[in-house]
There are 2 protein chains.
Amino acid sequence: MNIGEAAKKSGLPAKTIRYYEETGLIAPAGRTAAGYRSYSEADVHTLSFLKRARDLGFSVKDCAVLLSLYQDKNRSSADVKAVARQHIDRIVAKIEELEQMRSTLETLVSQCHGDDRPDCPILEDLAH
Amino acid sequence: MNIGEAAKKSGLPAKTIRYYEETGLIAPAGRTAAGYRSYSEADVHTLSFLKRARDLGFSVKDCAVLLSLYQDKNRSSADVKAVARQHIDRIVAKIEELEQMRSTLETLVSQCHGDDRPDCPILEDLAH
DNA sequence: ATAGGGTTTCCAGTTACTGGAAGGTCAAGG
DNA sequence: CCTTGACCTTCCAGTAACTGGAAACCCTAT
C-alpha cells in the first residue's frame with residue numbers, strides 16, 4: 001500500500017512517516033517502480049506501535065529503544081519496565097512543575113479584579 | 001553594568017539576554033566604547049520581570065504582551081487577566097494529558113513483572 | 001487530453017534557547 | 001610593558017519532533 005493508506009491505518013501523518021524513515025527510526029520502505037513508498041501490514045503494525053508509544057509521551061529515542069526491545073525476542077521485561085519507569089518519573093516531575101505554576105497563577109488571577117483599571121496584582125508579582 | 005552582572009542580578013543567562021535582544025523581546029542595550037553591552041538597574045528590572053514570567057511558564061510571546069501591558073500605564077487589568085487565564089487553561093490541559101499518560105503507564109508498569117523473561121504487558125499494549 | 005488526487009524531494013519554520021569557536025577587552029600582577 | 005585570566009563580542013550549529021509549502025512527477029477516471 002502507499003504511504004497515504006499506511007498513514008490512515010497507523011494514525012501517523014504521511015509526513016511523520018517519511019520523517020521517521022529519514023531519521024532512521026524505521027527502515028526505509030520498499031519502493032514501487034515509480035518511486036512510491038510501499039508498505040506491508042507488518043510495516044503498518046510497526047507504525048501503529050510508534051504512534052501508540054508517542055501518544056503515551058515517550059520520546060522518539062525511547063521509541064527506538066522500545067521498538068528494538070519489541071523486536072528482540074530475548075529481551076528482558078525488566079529493560080522495558082525501566083524505560084517506562086523513567087518516563088513516568090519525568091512525567092510526574094513535569095506535572096508537579098505545572099501544578100506549581102497553576103497554583104501560583106490561580107492565586108494571582110483570583111486577586112486581579114480584571115476590569116478597565118490598570119492596577120493588577122499579576123503584573124505586580126511579575127515585577128518583583 | 002556589563003551583561004554578566006545583569007545576568008547574575010536578573011537570573012537570566014547572558015546568552016538568553018542576547019537572544020532576547022536579537023529577537024526583539026527587549027530593546028537593544030546601550031554599548032560602551034569597546035562594544036560591550038551596558039545595562040541599567042531599570043534594564044535589570046525588565047529582565048527580572050521576564051525571568052519571573054518565563055518561570056511561570058508564559059511563552060516568550062506572552063511575555064512580550066505582558067511586558068507591553070506592564071509598560072502601558074493606561075492598560076486594563078482585564079487584559080492582563082485574560083492572558084493569565086488562557087495560560088492557566090493551557091497548563092490545565094497539559095496536566096490532564098500528562099495525568100492520563102501517567103495513569104496508563106502506571107497500570108502497565110504495575111503489570112510487568114520486570115525480570116529477565118521477555119513477556120511484557122507494556123510492549124503488548126503498545127503493539128495493539 | 002485533462003483534471004484530481006496522491007506522491008516525490010527539498011527547504012524553511014516552529015520554540016526557546018544552548019554550546020562552542022575565534023577573537024577583542026579589561027584589570028591586576030610582575 | 002607584558003602576560004594572564006576572566007569577560008565580552010559575533011556567528012554558526014544543534015536541540016525535539018515535526019509541519020507547511022513549493023515544484024514536479026504519477027495514476028486513474030472521464
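## Polar contacts to DNA strand C

In this predicted model, an N or O atom in the side chain of B:Y19 lies 3.3 Å from a base nitrogen of DNA strand C. The backbone of this strand is also contacted. The side chain of A:R18 places a polar atom 2.8 Å from a phosphate oxygen of DNA strand C. For B:R54, an N or O atom of the side chain is 2.8 Å from a phosphate oxygen of DNA strand C.

Three helices give two or more residues each to the surface near DNA strand C: α1 (3–10) and α2 (14–22) of chain A, and α2 (14–22) of chain B. The largest share comes from α2(B), with four residues.

## Composition of the surface near DNA strand C

There are 19 residues around DNA strand C, and those that come nearest are A:R18, A:Y36, B:K15, B:Y20 and B:R54. A:R18, listed here among the nearest, has the polar side-chain atom at 2.8 Å from a phosphate oxygen. B:R54 is likewise in the nearest group, and its side chain also has a phosphate oxygen of DNA strand C at 2.8 Å.

By residue class, the surface near DNA strand C holds eight nonpolar, five polar and six charged residues. On the DNA side, sugar or phosphate accounts for 65% of the strand C atoms within 4 Å of the protein, and bases for the rest.

## Polar contacts to DNA strand D

At DNA strand D, a polar side-chain atom of A:Y20 lies 2.6 Å from a phosphate oxygen. The side chain of A:R54 has an N or O atom 2.8 Å from a phosphate oxygen of DNA strand D. A base is contacted from chain B: an N or O atom in the side chain of B:Y36 is 3.2 Å from a base oxygen of DNA strand D.

## Composition of the surface near DNA strand D

The surface near DNA strand D draws at least two residues from each of α2 of chain A, α1 (3–10) of chain B and α2 of chain B. Of these, α2(A) gives the most, with four residues.

Around DNA strand D there are 19 residues, of which A:K15, A:Y20, B:G4, B:R18 and B:R37 come nearest. A:Y20, one of these, is the residue with a polar side-chain atom 2.6 Å from a phosphate oxygen. The surface near DNA strand D divides into eight nonpolar, five polar and six charged residues. Of the strand D atoms within 4 Å of the protein, 68% are sugar or phosphate atoms and the remainder belong to bases.

Note on methods. Residues are numbered from 1 along each chain as its sequence is written. Chains are lettered from A and ligands numbered from 1 in the order in which they are written. This is a predicted model: local features need pLDDT of at least 70, side-chain atom pairs count only at pLDDT 80 or more; totals for chains, interfaces and linings use all residues. Side-chain values use heavy atoms; hydrogens and water are left out. A residue is near a molecule or strand if one of its heavy atoms lies within 4 Å of it. A polar contact is a pair of N or O atoms within 3.5 Å; within protein, one must be able to donate a hydrogen and the other to accept it, and residues adjacent in sequence count only if both atoms are side-chain atoms. Ala, Val, Leu, Ile, Met, Phe, Trp, Tyr, Cys and Pro count as nonpolar, Asp, Glu, Lys and Arg as charged, and the others, Gly among them, as polar.
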